[in-house]
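Hi everyone, thanks for coming along. Please bring the structure up on your screens, and we'll walk through a few spots together.

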Amino acid sequence: MTLSIGDAAPDFTLKNQHGEDVTLSSFRGDKNVVLVFFPFAFSGICTGELCEIRDNLGDFETEHAEVLAISCDHFFSNRAFADRDGYTFSILSDFWPHGDVSRAYGTFNDGAGAPNRGAFVIDREGTLRWQVVNGIGDARNLADYRAALADLA
């Protein structure tokens, strides 16, 4: 499935690293959402990207925006990953049914059994406003997220 700018973002409910359900549509009317799909907890590029978000979280998590990172790892693995590296934003588990949300956003990599590096900015109305999908080995640029959120401000 391929999403286009202006499409309604596919809704979902996934467990965060604390085992709590997080539903995308719960942010409607309140906050923009930055979805960050990452392939594997504890891997080098994923750790680097999420640490960069952590270190610049004030640019992303505000009264107007929320960060939701998504992998196909189990929420217990995501908890250990978040605890180790001090991630306070939600790390969501697309573990079961395996990769359903990643597939809905067009990021699932069948060969790896994990999402590619997809990033999506969804506005307060639930509409896709920006996206980029990189391969598993290709890190994303933090400045691109900032620019996309600035356009919504």
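Let's begin with Lys 15 and the company this residue keeps. If we set aside its neighbours within four places in sequence, Lys 15 is in contact with Glu 20, Asp 21, Phe 75, Ile 91, Leu 92 and Ser 93. One of these partners deserves a second look: the side chains of Lys 15 and Asp 21 make a polar contact at 3.0 Å. Keep in mind that this is a predicted model.

Where does Lys 15 sit? You'll find Lys 15 in strand β1, which covers residues 13-15. Is Lys 15 buried, partly exposed or exposed? Its relative accessibility is 34%, so Lys 15 counts as partly exposed. Here is a nice example of folding on the page versus folding in space: Lys 15 and His 74 are 59 residues apart in sequence, yet their C-alpha atoms are 9.1 Å apart.

Now let's move to another pair, Arg 117 and Glu 49. Arg 117 belongs to strand β8, residues 117-122, while Glu 49 is in helix α1. Are they buried or exposed? Arg 117 has 2% relative accessibility and Glu 49 has 8%; buried means under 20%, so both count as buried. What does the side chain of Arg 117 do there? It makes a polar contact with the side chain of Glu 49, at 2.9 Å. Leaving out residues up to four places away in sequence, Glu 49 touches Ala 139 and Arg 140 as well as Arg 117.

Since we are in α1 already, let's see how this helix meets α2. Thr 47, Leu 50, Cys 51 and Arg 54 from α1 meet Phe 81, Arg 84 and Asp 85 from α2. The two helices pack at an angle of about 55°, and their axes are 11 Å apart. That angle is why α1 and α2 are described as oblique to each other. The crossing of α1 past α2 is right-handed.

Last stop, the nonpolar interior. The largest nonpolar core has 25 residues, and those with the most contacts inside it include Phe 38, Leu 50 and Tyr 145. Elements that each supply at least two residues of this core include β3, α1, α2 and β8. Apart from this core lies another, of 18 residues, with Leu 3, Ala 9, Leu 68 and Ile 70 among them. As for Phe 38, its contacts beyond four places in sequence include Cys 46, Leu 50, Phe 81 and Ile 91.

Thanks for listening, and do ask away!

Terms used. Residues numbered from 1 in each chain as written. Predicted model: local features only at pLDDT ≥ 70, side-chain atom pairs only at ≥ 80, totals over all residues. Heavy atoms only, no water. Helix = DSSP H or I, 4+ residues; strand = E, 2+ residues; numbered from the N terminus. Buried < 20%, exposed > 50% of the residue type's maximum accessible area, 1.4 Å probe, protein only. Polar contact = N/O pair within 3.5 Å; in protein donor to acceptor, adjacent residues only side chain to side chain. Core = buried A, V, L, I, M, F, W, Y, C linked by side-chain atoms within 4.5 Å. Contact = heavy atoms within 4.5 Å. Axes fitted to C-alpha atoms, helices over the stretch in contact; angles between N-to-C directions. Parallel < 35°, antiparallel > 145°, perpendicular 65-115°, else oblique. Left-handed = near helix turned anticlockwise from the far one by under 90°.
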